[in-house]
Every structure is written in C-alpha cells, then in structure tokens.
Amino acid sequence: GISVNGCQATVRQVLREGDTLVLRLEDQENEINEDILPVKMEISTVYEDEGVIIVNKAGGMPVHPSHNHHEDTLANGMAYYFKERGIPFNFRAVNRLDRDTSGLVIVAKSRMAANQFSRALKDRSIKKEYIAILCGSLEKKQGRITTHIKRQEQSIITRCNCSEGEGDIAITDYEVIAEGGGLSLVRAYPITGRTHQLRVHFSGLGCAILGDSLYGQASREIGRHALHARSLEFQHPFSNEDMVICAEVPEDMARIIKEKIIVED
C-alpha cells in the first residue's frame, strides 16, 4: 500500500526531497474477507463520506456473523451495499451494539480510519448517548454508576457486577427524562464500553431495561430490550472535524414512550 516515485516501498524507506509518496488507503479485491456473504437487505444510512459510513441499525439485527447468524447481520448488508457499487470493502465496525439494541454504528471504510477510531475509543473521546426504557423508578434521578463487570461463571454470554480486581471497571452516567406507567425513560452515557454494560448497570439498580429477558424479563410491550444508541460525538479521522450524528428513537420504543410514559392530553 506504499509507493515512492511509482515503486513499491516499505515503511523503512527514507524519503528525500522531491520524492513522491503515495499511500493506498482503499481495500483491494484480494484483501476482502470472503467469509462474509453479501446479502441484500434494508440498511438505513445516516451519514457517509470517504472515511466513514454510519448506519442506524435495526433492533434484532446482529452486527457480526456468528453461530446461527451467517446471512442476517449488518456485516452481510454492508458487504452487499459496497459490492453493488463495485467497491472492495472489509467490514470494520467501530462501536458494537448487542443484537437487540437499535441505533448508530460507525463503520470505518479503511484500515487507516479504523486505526484512528481505535485510538479514539481507547482515549474515550467518542461520546455515546443511549435512550433506555427501564422497569420501575430509580431512587436517584441522575448520577454515575461505577462498578466492575466480569463474565458470569459457567456462561459465555451473561455478565455481572463484581468486586474490584475480578473484572473491568465500568462507568455510566445517566439522567431520568420522564416517568409513568411503572416505567422510566432514561438517557445513558457510557464512559467505558464493557459488554452489556448498560443492561448490567440498570439491572443492578433494580430497574432492568424493559424487555431484557437476560437481565430482567421479557415483555409483551416490546419484542426486544428497549435500548437505542441515539447519538455519537467524535472527531472525524481525516478532517478532524467535530461530528455529531443522531438517530430518532425507533417506532417500537416511541410507541411505549407515548402511550405509557408521556401521555398526551
């Protein structure tokens, strides 16, 4: 991917005045992961430029292929999206959402963009806001949750709060927007990015996310857990522009908010 004066080069080559350096950022055909099958599906694109594409993932859609999910993931849909445009593409999701969590997913369009986003994640400079519907009422209407989270013994999926030294630190800021019908509407801002962090944190406060059958219980009101990644704030990997991207709350959650929590006159 590096050439100097038209000849292939390595990162060790010393440049001299007058040299022409070319860096190839785009994926090439022989680099594509053939294990991800292109599958035509509806993808809601919120923003796209030369370095990044941001999609509003539907609840119920896995991000990556896994056991029993080989052709119904966001990765499959994105592979088709770029194949139709004749653009070689490898799927590089920057932030990862649970299958049933809806909302914004950043996809880096090159290795360089992915590397920049990886640094931003480590620096915690990507700001994320979620909307959640909780069962019950939180004692404190705003605050910070700080725990340690680990994988629950004898489970490859479930996580749990634990004592310091047993797991990774997990930090979430939150504020209650409204309450009604035995439910709470909450904005949540995860500072760290642990697996199932918001689900574990709110369950640990005695107010599991509505419809979360893993950390609470299933609900007739909604066929998934009521959690939506609403907004992302980050610095663009190439232009360094400050970006703010938002996605509306999906219909299944919006209906519950309107009918159960905020009842219009």
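**Exercise 1. Glu 233**

Is Glu 233 buried, partly exposed or exposed? Then place Glu 233 in the fold and list its contacts.

Solution.
- Step 1. The model is predicted, and the values below are computed from it.
- Step 2. The relative accessibility of Glu 233 is 40%. Buried requires under 20% and exposed over 50%, so Glu 233 counts as partly exposed.
- Step 3. Strand E12, residues 227-235, holds Glu 233.
- Step 4. With neighbours within four places in sequence set aside, Glu 233 contacts Ser 125, Ile 126, Lys 127, Met 243 and Val 244.
- Step 5. Lys 122 is 111 residues from Glu 233 in sequence, and their C-alpha atoms are 15 Å apart.

**Exercise 2. The chain as a whole**

State how many helices and strands the chain has, and describe its dimensions, burial and contact range.

Solution.
- Step 1. Four helices and 13 strands make up the secondary structure count.
- Step 2. Along the principal axes, a box of roughly 70 × 45 × 40 Å is filled by the C-alpha atoms.
- Step 3. The chain has 265 residues, and 43% of them count as buried.
- Step 4. Take the contacts between residues at least 6 apart in sequence: 61% of these join residues at least 24 apart.

**Exercise 3. Helix H1 and the nonpolar cores**

Determine how far H1 is covered, what covers its buried residues, and what H1 contributes to the largest nonpolar core.

Solution.
- Step 1. Eight of the 10 residues of H1 are buried, which leaves the helix mostly covered.
- Step 2. The buried residues are Leu 74, Ala 75, Asn 76, Gly 77, Met 78, Ala 79, Tyr 81 and Phe 82.
- Step 3. Strands E4 (45-48), E5 (52-57) and E6 are among the elements covering these buried residues.
- Step 4. The largest nonpolar core has 45 residues, and those with the most contacts inside it are Leu 74, Met 78, Phe 91, Ile 133, Leu 134, Leu 138 and Phe 202. H1 (residues 74-83) gives this core its largest share, six residues.
- Step 5. Leu 74 touches Ile 43, Val 55, Met 61, Pro 62, Val 63, Phe 91 and Val 105, residues up to four places away in sequence not being counted.
- Step 6. A second core, separate from this one, has 15 residues, including Ile 106, Phe 234, Ile 245 and Ala 247.

**Exercise 4. The second largest pocket and Asn 90**

Describe the volume and lining of the second largest pocket, then treat Asn 90 as a separate case.

Solution.
- Step 1. The second largest pocket encloses about 330 Å³ of space. It is lined by 18 residues, and Glu 29, Ile 32, Pro 38, Lys 83 and Phe 89 are the closest to its centre.
- Step 2. By type, the lining divides into 12 nonpolar, three polar and three charged residues.
- Step 3. Asn 90 is in the loop between H1 and strand E6 (102-108).
- Step 4. The relative accessibility of Asn 90 is 14%, so Asn 90 counts as buried.
- Step 5. Apart from residues up to four places away in sequence, Asn 90 touches Asp 27, Glu 31, Ile 32, Asn 33 and Ala 108.

**Exercise 5. Two positive phi angles**

Gln 154 and His 196 each have a positive phi without being glycine. Where does each lie, and is each buried or exposed?

Solution.
- Step 1. Gln 154 has a phi near 65 degrees and sits in the loop between strand E8 (142-151) and strand E9 (159-162).
- Step 2. The relative accessible area of Gln 154 is 88%, so Gln 154 is exposed.
- Step 3. His 196 has a phi of about 60 degrees and sits in the loop between strand E11 (183-190) and helix H3 (197-204).
- Step 4. The relative accessible area of His 196 is 11%, so His 196 is buried.

**Exercise 6. Leu 198**

Establish the burial of Leu 198 and its contacts.

Solution.
- Step 1. Leu 198 belongs to helix H3.
- Step 2. Leu 198 counts as buried because its relative accessibility is 6%.
- Step 3. Beyond four places in sequence, Leu 198 is in contact with Tyr 130, Thr 172, Ala 188, Pro 190, Ile 209 and Leu 227.
- Step 4. Between Leu 198 and Glu 153 the separation is 45 residues in sequence and 20 Å from C-alpha to C-alpha.

**Exercise 7. Cysteines**

How many disulfides does the structure hold?

Solution.
- Step 1. The count is zero.
- Step 2. For Cys 160, the nearest cysteine sulfur is that of Cys 162, 6.0 Å away. A disulfide needs the sulfur atoms within 2.5 Å, so Cys 160 is in none.
- Step 3. Cys 160 is buried, at a relative accessible area of 16%, whereas Cys 246 is partly exposed, at 40%.

Methods: Residues numbered from 1 in each chain as written. Predicted model: local features only at pLDDT ≥ 70, side-chain atom pairs only at ≥ 80, totals over all residues. Heavy atoms only, no water. Buried < 20%, exposed > 50% of the residue type's maximum accessible area, 1.4 Å probe, protein only. Core = buried A, V, L, I, M, F, W, Y, C linked by side-chain atoms within 4.5 Å. Contact = heavy atoms within 4.5 Å. 1 Å grid on protein atoms, 1.4 Å probe; cavity = no way out; pocket = protein on both sides within 12 Å on 5 of 7 lines; lining within 4 Å. Points joined across faces, edges and corners; volume = space filled by probe spheres on them. Nonpolar A, V, L, I, M, F, W, Y, C, P; charged D, E, K, R; others polar.
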